Amino acid sequence: MVRVANVNRAFARVRTERGDALWRELFVEDHFHPSPMGTYLATCVICAVVFEEWGVPSGEESDVAPATAEQLFSSARRMMAEGQTGRLPTAEEMKYFWEVATELAGSTPDHIKYWQKALNSPQSL
């Protein structure tokens, strides 16, 4: 089975559900590369696709997601240009990003469904 990590759909869903303000925070100042928040969302999507059994963390702390972004990013190397800023996601935003990621990981995009159908039964197209 083909599995696709639809990071672009996750970013689009954040914009649709939470508005432009949060969506803009997913990018650094060049409006192209992901900020720490955008990187976290992308990572959630990739992990949800690769490790299907991962779900939305419950409670304040979880083995999957730390209680705070500071815990997660404390040992991470920051890859931002000099002078660029980007806040870390709140615990509520981290949980929301996991919900988006796991819901998208459970769905198959239409273009993949088309090709799966084509491979299984080409005469039905």
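Visitor: Let's start with R15. What relative accessible area does R15 have?
Guide: Keep in mind that this is a predicted model. Buried would mean under 20% relative accessible area and exposed over 50%. R15 counts as partly exposed, so its value falls between those limits; the relative accessible area of R15 is 36%.

Visitor: Which residue meets R15 in a salt bridge?
Guide: The partner is partly exposed too, at 31% relative accessibility. The two side chains come to 2.7 Å, N to O, and the cut-off for a salt bridge is 4 Å, so the pair qualifies. The residue that meets R15 is D20.

Visitor: R15 also lies over the face of a ring. Which residue has that ring?
Guide: R15 is 3.8 Å from the ring centre. That ring's owner also belongs to an aromatic cluster with F11 and F27. The residue under R15 is W23.

Visitor: How are the rings of W23 and F27 arranged?
Guide: Two rings are described by the distance of their centres and the angle of their planes. Here the centres are 5.1 Å apart, with 70 degrees between the planes. Planes over 60 degrees apart get their own label, so the W23 and F27 pair is edge-to-face.

Visitor: And how many aromatic pairs does the protein have?
Guide: Ring centres must lie within 6.5 Å to pair. W23 and F27 make one such pair, and the count for the protein comes to 4.

Visitor: On to R18. Which ring does the charged end of R18 sit over?
Guide: R18 is partly exposed, at 36% relative accessibility. Its charged end is 3.7 Å from the centre of the ring, and the ring belongs to Y96.

Visitor: Which residue forms a salt bridge with R18?
Guide: The side chains meet at 3.1 Å, N to O. This pair links distant parts of the chain, 74 residues apart, with R18 in helix α1 and the partner in helix α5. That partner is partly exposed, with 45% relative accessible area; it's E92.

Visitor: R13 and E17 bridge as well. How many residues apart are they?
Guide: The closest N and O atoms of R13 and E17 are 2.7 Å apart. Both residues sit in helix α1, separated by about one helical turn. In sequence, that spacing is 4 residues.

Visitor: Which residue joins R13 and E17 in a network of salt bridges?
Guide: R13 is partly exposed at 21%, and E17 is partly exposed at 42%. The structure holds 4 salt bridges. The residue linked with R13 and E17 in the network is E103.

Visitor: What about the inside? Which elements give two or more residues to the largest nonpolar core?
Guide: That core has 22 residues, and those with the most contacts inside it include A10, L41 and F97. The contributing elements are α1 (7-18), α3 and α5 (91-105).

Visitor: What does the secondary structure come to?
Guide: Along the sequence, the pattern reads α-α-α-α-α-α. The totals are 6 helices and 0 strands.

Visitor: How much accessible area does the nonpolar surface patch with F51 have?
Guide: F51 lies in the loop between α3 (36-50) and α4 (69-73). At 37% relative accessibility, F51 is partly exposed, and patch residues need over 30%, so F51 clears that limit. Together, I46, V50 and F51 have about 270 Å².

Visitor: One more: which residue in the loop between α2 and α3 has a positive phi?
Guide: This residue is exposed, at 64% relative accessibility. Its phi is near 60 degrees, in a residue other than glycine. The residue is H31.

Conventions
Residues are numbered from 1 along each chain as its sequence is written. This is a predicted model: local features need pLDDT of at least 70, side-chain atom pairs count only at pLDDT 80 or more; totals for chains, interfaces and linings use all residues. Side-chain values use heavy atoms; hydrogens and water are left out. Patches are made of residues with over 30% relative accessible area and no salt bridge: like charges are joined within 9 Å, nonpolar side chains (Val, Leu, Ile, Met, Phe, Trp, Tyr) within 5 Å. Accessible areas come from the Shrake-Rupley method with a 1.4 Å probe; for residues, only the protein chains shown count as cover. Buried means under 20% relative accessible area, exposed over 50%, partly exposed in between (1.4 Å probe, protein chains only). A nonpolar core is a set of buried Ala, Val, Leu, Ile, Met, Phe, Trp, Tyr and Cys residues joined through side-chain atoms within 4.5 Å. Rings of Phe, Tyr and Trp (its six-membered ring) pair if their centres lie within 6.5 Å; planes under 30 degrees apart count as stacked, over 60 as edge-to-face and the rest as tilted. A charge sits over a ring if NZ of Lys or CZ of Arg is within 6 Å of the ring centre and within 35 degrees of the ring normal.
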